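Colleague: Could you take me closely through one part of this model, the nonpolar patch on the surface, and then place that part in its wider setting?

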Amino acid sequence: MSKRPLVEKSGQVSHQELVDIKLAIDETAVVSITDFIGKIQYVNDKFCEISKYSREELQKVDHRLINSGYHPPEFFKQMWGTIRRGKVWKGEIRNRAKDGKVYWMDTTIVPILQTQGKPYQYVSICKDITEHKQAEEEHICLGTNTRLDLPSEDRHTSRSRSNTNKGLLQSEANMSRSHLSGSDNSFREAQRFFRFSPEMLCIVGFDGYFKTVNPAFEKILSYAPEELLAKSFLDFVHPEDKALTLAQLQKLSTQASTIQFENRYRCQDGSYTWLAWSASSVIEDGVMYAIARDITESKRVKATLLERSRDSTLEADVGAALSKSGTLPESLKRCTEAIVKHLDAIGVGIWTVDPSTAPGTTDLLSLNLQASAGHLIPTETFPYHLPPDHSLIGEILQTRQPVSTQLSSTSKHVSTGTGKVISYSPFLIPRLPKTAVGVSTQKIFFTGYPLIIQARLVGIIGLLTHQPLSEVVQGVLGWVANAIALAIDHAWAREELLSRREALLFRLASQIRNSLDLDTILGTAVTEIRSLLNVDGCHFLWCWSEPNRPCLSVTHEACDPGLPSLLGERPSPYLTPLAETIRNLETLKIENLTEASNLDPEMRSILSDWGITSGLLLPLKTHTGQLGAIICSHYDSPRLWSDHEVELLQAVVDQLAIAIEHAELFAKTRAAVLAAQTQAQHLEMALEELKQAESRLIQTEKMSSLGQMVAGIAHEINNPVNFITGNLSHATNYIQDLLDLVERYQQHYPKPTPELQEYIEDIDLEFLIDDLPKILTSMQMGADRIHEIVISLRNFSRLDEAEMKPVNIHDGIDNTLLILQSRLKASGNNPGIAIIKDYGNLPLVECYAGQLNQVFMNIISNAIDALETERLRQPENSLCQGKSESDSSCTPTLSPTIWIHTELLDSHQVVIRIRDNGLGIPENTIGSLFDPFFTTKPVGKGTGLGLSISYQIVVEKHGGSLKCLSEPGQGAEFWIEIPIAPQL
């Protein structure tokens, strides 16, 4: 069902679609057409009659409406799998009508393919076999549960049929051997079934001869039983099917199995009938049992539908070939190749009418070959030139009707089917080798179609085939001939249009005006004008009207390579006459310089010096007052310039003047835009510098205030700590002296008074003597710790180090970690953040220590923020509280960790890598990390200045680099590279 063009009259379907519908109705009992998803698009009257549904009820629904529920889902799954692959499916389906009655249909589903080989419609052709199924049930032997099904290609039903067929044939074999089992009624029923079965039942011996056949053989093949029994099984098989049939039967002689196969079986009148066989064997008895069903009609319908599918593909390929760009011979070549491919033709040729033939002289038309395809030599089978009196082609020329006839290699005359016998040329018989056809001679058929458009013959298409073309194929070829005729007519019209110089010149003018680049406009103009007018040279020149000193400048030229170039300025007063002609906007037409009597002598001298023998000058003037001219010239021969050429070229020159004005306006506008863009870029750069300066000032002020505060705190803490530290040593000595005194009192007065003894016990003197030195030691340790913190605060502030000095990078990192200790240690539900330091052996680095500490502070603080965000995203792992790690419902998370790694790179670069195992940074965000005021933190949590300032400190202040490596969910790592010493 190809998507063939509809006829022009609204409400009518095309002739070919009527043929398709008629074919389906005539050849089958029940017909339906669905789209590629199974929605019903068409049903015939018998479909509605048997299903009890109206067409309106069946439209746009699928066949599940009549599903009886008898078949399992696998049955329909296999059916859809077959047809979706573009293959034909055959089987028996049990359906349910609207009134509840069930009926059986012997169904064939044919997919209709697109040009890409994919189905877009399915045609279902069914036969009502309900009565036959009921007869099967009545003929089943009473002692068995075997069910007889018709043979089918469907895999779902083939297994059940095989078992049934085997049981029936076994019953017949038992009957023939008189070893029947069961009642006499069962035996008589089996006899009746064998005699009255519409299927062909037989028993064949391993010697290949029939033992028994039922009456269906005589009914279908028209042979008497004696004729069948006198010959072997293979004697009736078509020669082309014998090898396959023999291979299938040999399987039964070696193993007891059931096989299905198809072949063509000869009838008594010599014709062949397609049979579907199901056979099984009993090896010990040396016999085979077979059932055959006549499938000739279904084969023919299938072949016809496949032919329609193939023809639809041919139509699509021809339409695609004609729609592609290219020359007419190329398009026709693709059409002939498509016809050979889809119709298996020997050769195809397309001739067109010789354009030199006078119109109206149909009897004298001659044809020239435009394209051919096939395995034939074109000069022998499809000659280039066909005279009007050619036998077969002449018949088509005279009648304007298709010709289809058989050619003979021995006869000189053939019948055209119109009642007229004509002769043909021997060269139309292809010289095919014997090995190609298998015999010395082979039938060859010629079919020719006139190519007519609006009652005008434009050509003829002819093809040679081994088989006569069917009515369907002839209809398709008629459509192909009409399409090719229309394509030829369009191609001729297009060539005629393109051959007109007016169309070409105006196309050139359009191209010129569409361009806004002055060089492109002028270069295109001189090149195309020279090509279109076929002149030796074409030049464009500007005429500058300076007071008392005209100046001419040739800026663009297109001429033969051997001619001298005229590009450049021409001095005054050498070209004064030519300049005057241009200023006066006068057209100068010189057909022959030697015969131009009215030409100014100075002008003649100028043209003679340039070597011009004939020329055409057309001046132009823009609205802005600029003057120019187009000069076309010949250098070795005269040229007659027609008024029509001058008129057309003047139109191009007028449009060229407009295009020049547009180009000038565009140039001015572009210059203004560029100036505005430049100014905008300067303003944008200034604004960016102001933003950066502001961010640096804010951050510098912030860090300065922080440094001052840290320094002040350190100073205020340092004074009392120094006082405590200085007096602790004296207090320790004094207390030790007192303890020594107490010890001596105990030695000299070992027995104190009762009142003193009671007081010693109350104050626990022994514990006091033991614990008091420990308290003093702890106080000394605390004072030392406070002193270390003060030193770290002073080192971090570095207020006294505004210049670059050699420092220990590790000290700066440690001091930063000390200040951030409160955010790193564990507290409450916060597990804390682990710090893993991997310090390399670094030398002292000359840097701005305070600013570098600021970088460490910003990066480590951001890492801490990222880890805290990750912890808050999983609210305290509440689901895991009270559960063991082995519990599958509790997924442990990685402990928050920051890694700090330092190393020496290339002996002159220091690398500091700070990495965390937080959420990570998206790839589309990394590029903006170091931009001022850019932050990934929530509103109020960050200013977007930390990393920007850090980037400036590392890159601009220290000549290093700062980069970030991160993937979402994998944490982030910052690389800081700075030189050990500043580079001069």
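Modeller:
**The nonpolar surface patch**

At 34% relative accessibility, I786 counts as partly exposed, because that term covers the range between buried (under 20% relative accessible area) and exposed (over 50%), taken with a 1.4 Å probe and protein chains only. The model is predicted, so local features need pLDDT of at least 70 and side-chain atom pairs count only at pLDDT 80 or more, while totals for chains, interfaces and linings use all residues. Residues are numbered from 1 along each chain as its sequence is written, and side-chain values use heavy atoms, with hydrogens and water left out.

I786 lies in helix α23 (residues 765-797), a helix being a DSSP run of H or I with at least four residues, numbered from the N terminus. Together with M709, I713 and I717, I786 forms a nonpolar patch on the surface with about 310 Å² of accessible area, by the Shrake-Rupley method with a 1.4 Å probe. Such a patch joins nonpolar side chains within 5 Å, from residues with over 30% relative accessible area and no salt bridge, that is, no side-chain nitrogen of Lys or Arg within 4 Å of a carboxyl oxygen of Asp or Glu. Helix α21 (residues 643-748) supplies the largest share of the patch, three residues.

As for the wider setting, the protein exposes about 53600 Å², of which carbon and sulfur atoms supply 54%, and buried residues make up 42% of its 984 residues.

Conventions
Patch = residues over 30% accessible without salt bridge, like charges linked within 9 Å, V, L, I, M, F, W, Y side chains within 5 Å. Helix = DSSP H or I, 4+ residues; strand = E, 2+ residues; numbered from the N terminus.
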